[in-house]
Amino acid sequence: MTEPFLQIRGLRKDYGIVTAVSDVNITVERGEFMTFLGPSGSGKSTTLYILAGFENPTAGDILLNGESLISTPSHKRNIGMVFQRYTLFPHLSVGENIAFPLKVRRWGKAAIDAKVKQMLGLVRLEGFEDRKPAQMSGGQQQRVALARALAYDPPVLLMDEPLSALDKKLREEIQHEIRRIHQETEVTILYVTHDQEEALRLSDRIAVFSKGVIDQIGTGPELYANPSNRFVASFIGDSDFVTCKIISMRDGRAALSIGSGPVIHGVPVHGKNVEGGMAALMLRPERLSLSRAAVGEGAFGLSAKVTDITFLGSNIHVAALAPSGETLSVRLPFGHEAAAGLSRGDTIFLGFDPESAHVFCG
Amino acid sequence: MATLTDPSGIAGTVKPRIVRQYNFAQTMPALVLILVFFVLPVFALLLRSVLEPQPGFGNYAELLGSTTYLKIFLNTFVVSALVTAVSLAIGFPVAWALAIMPSRLSSVVFAILLLSMWTNLLTRTYAWMVLLQRTGVINKSLMGLGLIDEPLPLVNNLVGVTIGMTYIMLPFIILPLYGVIRRIDPAILQAAALCGATRWQALTRILIPLAAPGMVSGALMVFVMSLGYFVTPALLGGTANMMLAELIAQFVQSLVNWGMGGAAALVLLVVTLTLYALQLRLFGPARMGGR
């Protein structure tokens, strides 16, 4: 078996008595696009800053091609990084900014000029090399920052929420650019964001951070279909949570009931055994079926009163209040027959495939 | 301007021009005050330099033609340059430390800096005299430690003047430098480090160029103030390295030669204004907006 490209092993960082991250273990393949996704303060940026060498870990190790990076100072790590804030050197032109890492590496003038030209082409900013950063838009500045970070062909590129200062339209445009550049350069990217849509759009795999630990690592579809806990389920995609009673648990499947409804068998279950106790049933809004009658297949006695109907173009969003007081949302494709004539105050009955639901205990 | 030809059209916004109403009426009393008590006396003094003892440029010829006076001019520049260089060398790290230290600590350091600025100039200069003299604390402790056998000549010479004036000038260089350094985003230096720059390269290629406007304005302020300094050179300096302000004082007070005093003052003024014009040209507001 070959040595993994980048390994983060048992990483931990304490600030006094506060633990910023602990027990972070990730293996990244060469050329992979790995995203650290989580809310602010979840430890994703701290992990990235340790990779960059700006912070020293309290414990743990980082191995690049099998060699530890921990004792190497930032300027010798040969890692590229694009920051959240604009960090182009304001007194240097665009061309000089891209040339900076090459000049400190003592490249020859001809080689530098050729590389600057190539990088400007990569980020599609040909003809901009004499501009000063202050004369460029935020999106252009981040593209130059990307060119500067990739100019010296680093094995790993770190990106710390590089698009958070940009507006939505520009953000999507540059997300496409990043995808294209990742495919063209085949550089390994570690990307930090709190935006799940951005993570899903860009990444090969996503590590979901919460409260300083990694809750789950997987591809977008894996995390969406099989979230390992309630936090991951609520952070990736939209989700409804319904309180249910666990009747039995066996082999990762639970039998449960909602309110006074019938027993539902075969729902995937996560967490410790709470047979006889209460748990949270997670349903995806687009996987719920909606019917106006209480009878028929998949009717689990989950009745609700429609509180709001929102037309969102390709789909219709129905908000409904369950007898337990929980609000559920249902997403139906535009033109779905169940939505026809539906109005506020109507009673509806919701059904679901047990395989598409998850129960989180404890 | 590049903003007009920006193909992306992003930088093409035009700021509305603020039209100032120039109305001198209310400021007349202040302007008259400045005219009567500031501008006129300066002119009167400068006028006397070409009228006394007889009309003509005799005073200037004497001032610029004599090696004694030229030596004083030269010494004034040497002391001022030395004080400026030492102030920059000490002030830059202090300003940098102030900019990155926690604000609670930096406010304490600022309080110390300002407190020293607000302490009477004579008191501070005499304090240095006490510290630096042959039997002063510094010489006594160095001899007590056995590091030297003879007291070091620290006062009534160039060393004494430089120490005393640098001490007084430091806040004037630290404050503008602090203002400039504080506006530099630390992430820019982190970016430089990841680009492969050593600390020294980050300092010389990024930090110092970005801090240059503050360094130049601080250095110029210190240099110009030093050129006209009187009290500290008079008390801590020796007769061998007299400065221009001392010469002017001597002309006016001891020799009652207003003509020569005025001529020396004009030379000082011309040098100061030239330096100021140079700074405006190199780092003035017109240069800051880029191309």
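**Entry 1: a helix in chain A**

I began with helix H1 of chain A, where I found A:Lys44, A:Ser45, A:Thr46, A:Thr47, A:Leu48, A:Tyr49, A:Ile50, A:Leu51 and A:Ala52 to be buried. This is a predicted model, and I read every entry below with that in mind. Nine of the nine residues of H1(A), which runs over residues 44–52, are buried, so the helix is largely enclosed by the rest of the structure. Just after H1(A), I noted that A:Gly53 takes a positive phi of about 90°.

**Entry 2: chain A as a whole**

I then stepped back to chain A, which has eight helices and 20 strands, and whose C-alpha trace spans about 80 × 45 × 40 Å along its principal axes. Of its 362 residues, 41% count as buried. Among the contacts in chain A with a separation of 6 or more, I found that 66% join residues 24 or more positions apart.

The domain assignment divides chain A into domain 1 (6–231) and domain 2 (238–360), and I looked up how far apart their centres lie, which is 39 Å when taken over C-alpha atoms. The contact between them takes four residues from domain 1 and five residues from domain 2. On the side of domain 1 that touches domain 2, I recorded one nonpolar, two polar and one charged residue.

**Entry 3: the largest nonpolar core**

Which residues touch the most other members of the largest nonpolar core? Of the 149 residues in that core, they are A:Leu158, A:Leu190 and A:Leu281. Domain 1 and domain 2 of chain A both give residues to this core, so I place the core between them. I followed A:Leu281 further and, leaving aside its neighbours within four places in sequence, found it in contact with A:Phe241, A:Val242, A:Cys244, A:Leu256, A:Ile258, A:Ala357 and A:Val359.

**Entry 4: two residues with positive phi**

Most residues other than glycine have a negative phi, and with that in mind I checked two exceptions in chain A. A:Asn65 has a positive phi of about 50° although it is not a glycine, and I located A:Asn65 in the loop between strand S4 (59–64) and strand S5 (67–68) of chain A. Phi of A:Glu161 is near 40°, again a positive value in a residue other than glycine, and A:Glu161 is found in the loop between strand S7 (156–160) and helix H5 (168–185) of chain A.

Are these two loop residues buried or exposed? A:Asn65 has 12 other C-beta atoms within 10 Å and is therefore exposed, whereas A:Glu161, with 20 C-beta neighbours inside 10 Å, counts as buried.

**Entry 5: chain B and its annotation**

Turning to chain B, I consulted the unreviewed UniProt entry, which lists "domain: ABC transmembrane type-1" at residues 73–279. In the model that span is 80% helix and 0% strand, with its end C-alpha atoms 21 Å apart. The unreviewed entry in UniProt also places the feature "transmembrane region" at residues 30–51, 71–98, 105–123, 158–181, 202–235 and 255–278 of chain B.

I looked up two of these spans in the model. Residues 30–51 of chain B are 100% helix and 0% strand, and their end C-alpha atoms lie 30 Å apart. Over residues 105–123 of chain B, the chain is 89% helix and 0% strand, with 27 Å between the end C-alpha atoms.

**Entry 6: where the chains meet**

How many residues does each chain bring to the contact between chain A and chain B? I noted 21 residues from chain B and 23 residues from chain A. Helix H8 (186–194) and helix H9 (199–227) of chain B each supply at least two residues of the side that touches chain A, and the largest share of that side, six residues, comes from H8(B). By class, this side of chain B has 13 nonpolar, six polar and two charged residues.

**Entry 7: confidence**

For the complex, the predictor gives an ipTM of 0.82 and a pTM of 0.79. The mean pLDDT of chain B is 84, and 90% of its residues reach 70 or more. Among the elements of chain B, H8(B) has the highest mean pLDDT (93) and helix H13 (residues 285–288) the lowest (48). Over residues 1–12 of chain B the pLDDT is below 50, and this stretch has nine contacts in the model beyond near neighbours in sequence. Over residues 286–291 of chain B the pLDDT stays under 50 as well, with six contacts beyond four places in sequence. Where pLDDT is low, the predicted coordinates should not be read in detail.

Methods. Residues numbered from 1 in each chain as written. Chains lettered and ligands numbered in written order. Predicted model: local features only at pLDDT ≥ 70, side-chain atom pairs only at ≥ 80, totals over all residues. UniProt positions renumbered as here; feature names shortened; annotations may be inferred. Helix = DSSP H or I, 4+ residues; strand = E, 2+ residues; numbered from the N terminus. Core = buried A, V, L, I, M, F, W, Y, C linked by C-beta atoms within 7 Å. Domains from an automatic or database assignment. Contact = placed C-beta atoms within 7 Å. Nonpolar A, V, L, I, M, F, W, Y, C, P; charged D, E, K, R; others polar. pLDDT = per-residue confidence, 0-100.
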